[in-house]
Amino acid sequence: MSACAHPIPWAILVDYWAGALTVPETDQVDEHLFGCGACTAASARVASVTETARQILPPALSRARLDSLRAGGLRVRENAFSPGERRTVGFDGGVDLLIHRLAGLDLAGADHVSLQVLVESTGERLFALDHVPFERDEGAVLIACQRHFASLPPDTRFEVTVHAATVTNVAYTILHQFPA
Amino acid sequence: MDAPDGELIRTIAAGGPDGPRAEAELCRRFAPRIYLYGRRHLRDEDRARDLVQAVLLAVLQAARAGRVTEPDHADRFMLGTCRNLASRVRATEARHAGEGGLEALEAIESAPPWDGVDAGALIRCLGTLDERSRQIVMLTFQEDCETDVIAARLTMTSGNVRVTRHRAVASLRRCLDARPLQQERPQ
């Protein structure tokens with residue numbers, strides 16, 4: 001593959017994949033990419049991140065978002081967990097999305113809720129989110145577990161912190177079984 | 001085969017024994033570009049795969065019939081065909097794949113021109129970003145929010161959103177590259 005005399009800058013390629021360019025700018029990038037193998041390779045490196053990110057649902061979903069996913073044809077199964085519970089759940093065939101319903105939370109006076117996900121066996125923190133959607137009336141946080149989470153460690157500890165007049169921490173341990 | 005695009009088109013049009021090799025090379029060269037175009041503009045993996053097949057089919061048929069009027073600008077012909085078919089796909093959701101008879105298409109892998117990025121690895125890499133960068137990535141690519149909307153929501157300027165997003169995607173790419181099993185497929 002020959003080098004490009006005027007490579008498209010990374011920032012422009014990110015804008016291109018983010019849909020943040022004008023139509024004429026997008027056309028210009030398309031024209032360059034069709035004539036340039038080197039920039040096509042660079043564009044693929046950006047796309048590998050952005051288009052994979054599009055496949056991922058946020059770790060926590062609102063009930064409204066979940067309803068719209070169901071309405072769109074996604075096959076969803078919900079598992080309810082009580083505070084402190086540690087249990088195995090299986091990701092069976094015929095299900096597109098598992099919802100771990102972290103229930104038993106007192107969210108009546110909650111200002112916001114944060115979530116931390118850890119690997120139980122190693123303590124590795126997978127991610128921490130400061131503000132996640134929560135269902136005040138249900139007293140629950142809905143965790144979206146997608147099939148591609150199979151590449152993550154199966155033993156996960158979800159720590160929910162409810163920020164109200166006082167701060168409350170509640171943990172749930174979920175052991176995942178994905179089909180081989 | 002390192003021949004320029006124009007030479008490949010002329011070889012195909014000549015209909016000689018080198019035609020099939022030229023067709024295969026043209027497909028190998030342009031399939032990733034068409035696929036990426038499809039992913040960007042149709043936002044769907046299956047449609048992007050279909051677009052690769054449909055565009056290559058149309059271009060090879062045109063090349064065989066000597067209808068590519070400027071062989072040295074095959075890339076423009078390819079892009080023009082892409083734009084036409086993509087807009088038709090958008091309008092009708094029609095599928096053209098499998099309309100057959102061109103062996104070169106059978107060997108074309110219209111899978112993404114990258115592999116090794118599994119979503120689990122990306123989730124871990126997202127966990128290494130600062131809160132604001134992660135929010136911008138998620139709002140852009142998961143919620144399809146426009147830059148101005150993100151800027152308003154996070155009380156930033158649009159320019160800052162874009163710069164933060166450029167850096168965040170670069171940081172994610174580096175994080176994925178550092179993982180041992182991640183390997184890009186050569187173009």
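This text walks through the contact between two chains and then through some helices of chain B. The model is predicted.

Start where the chains meet. On chain B, 38 residues are in contact with 40 residues of chain A. Several helices of chain B take part. H2, helix H4 (74-92), helix H6 (119-126), H7 and H9 each supply at least two residues of the side that touches chain A. H9(B) gives the most to that side, with eight residues. By class, this side of chain B has 20 nonpolar, seven polar and 11 charged residues.

Now take one pair of helices across the two chains. Two packed helices are described by the angle between their axes and the distance between the axes. Helix H3 of chain A covers residues 37-55, and helix H2 of chain B covers residues 19-42. Their axes lie 11 Å apart, and the packing angle is about 40°. An angle that is neither under 35 degrees nor from 65 to 115 nor over 145 counts as oblique. H3(A) and H2(B) are therefore oblique to each other. The crossing of H3(A) past H2(B) is left-handed. Which residues make this contact? From H3(A) come Thr40(A), Ser43(A), Ala44(A), Ala47(A) and Glu51(A). From H2(B) come Pro32(B), Arg33(B), Leu36(B) and Arg39(B). Four residues of this contact are nonpolar, two are polar and three are charged. An α-helix has 3.6 residues a turn, so residues three or four places apart point the same way.

Next, look inside chain B. Helix H7 (residues 131-141) and helix H9 (residues 158-177) of chain B have axes that come within 9 Å. They cross at roughly 95°. That makes H7(B) roughly perpendicular to H9(B). On the H7(B) side, the contact involves Arg132(B), Ser133(B), Ile136(B), Val137(B) and Thr140(B). They meet Val161(B), Thr164(B), Arg165(B) and Ala168(B) in H9(B). This contact of H7(B) with H9(B) has four nonpolar, three polar and two charged residues. Both helices also appear among those that supply residues to the side of chain B that touches chain A.

Finally, turn to helix H3 of chain B, residues 45-64. How far apart should its ends be, at 1.5 Å a residue? Its 20 residues should span 28 Å. The end C-alpha atoms are 29 Å apart, which agrees. Is H3(B) mostly covered or mostly uncovered? H3(B) is mostly covered, with 14 of its 20 residues buried. Just after this helix, Gly66(B) takes a positive phi of about 70°.

How values were computed: Residues are numbered from 1 along each chain as its sequence is written. Chains are lettered from A and ligands numbered from 1 in the order in which they are written. This is a predicted model: local features need pLDDT of at least 70, side-chain atom pairs count only at pLDDT 80 or more; totals for chains, interfaces and linings use all residues. Axes are lines fitted to C-alpha atoms, for helices over the stretch in contact, and angles run from 0 to 180 degrees between N-to-C directions. Helices (H or I, at least four residues) and strands (E, at least two) are DSSP runs, numbered from the N terminus. Two residues are in contact if their C-beta atoms, placed from the backbone, lie within 7 Å. Ala, Val, Leu, Ile, Met, Phe, Trp, Tyr, Cys and Pro count as nonpolar, Asp, Glu, Lys and Arg as charged, and the others, Gly among them, as polar. A crossing is left-handed if the near helix is turned anticlockwise from the far one by less than a right angle, and right-handed if clockwise. The expected span of a helix is 1.5 Å times one less than its number of residues. A residue is buried if 20 or more other C-beta atoms lie within 10 Å of its own, exposed if 12 or fewer, and partly exposed in between; C-beta atoms are placed from the backbone.
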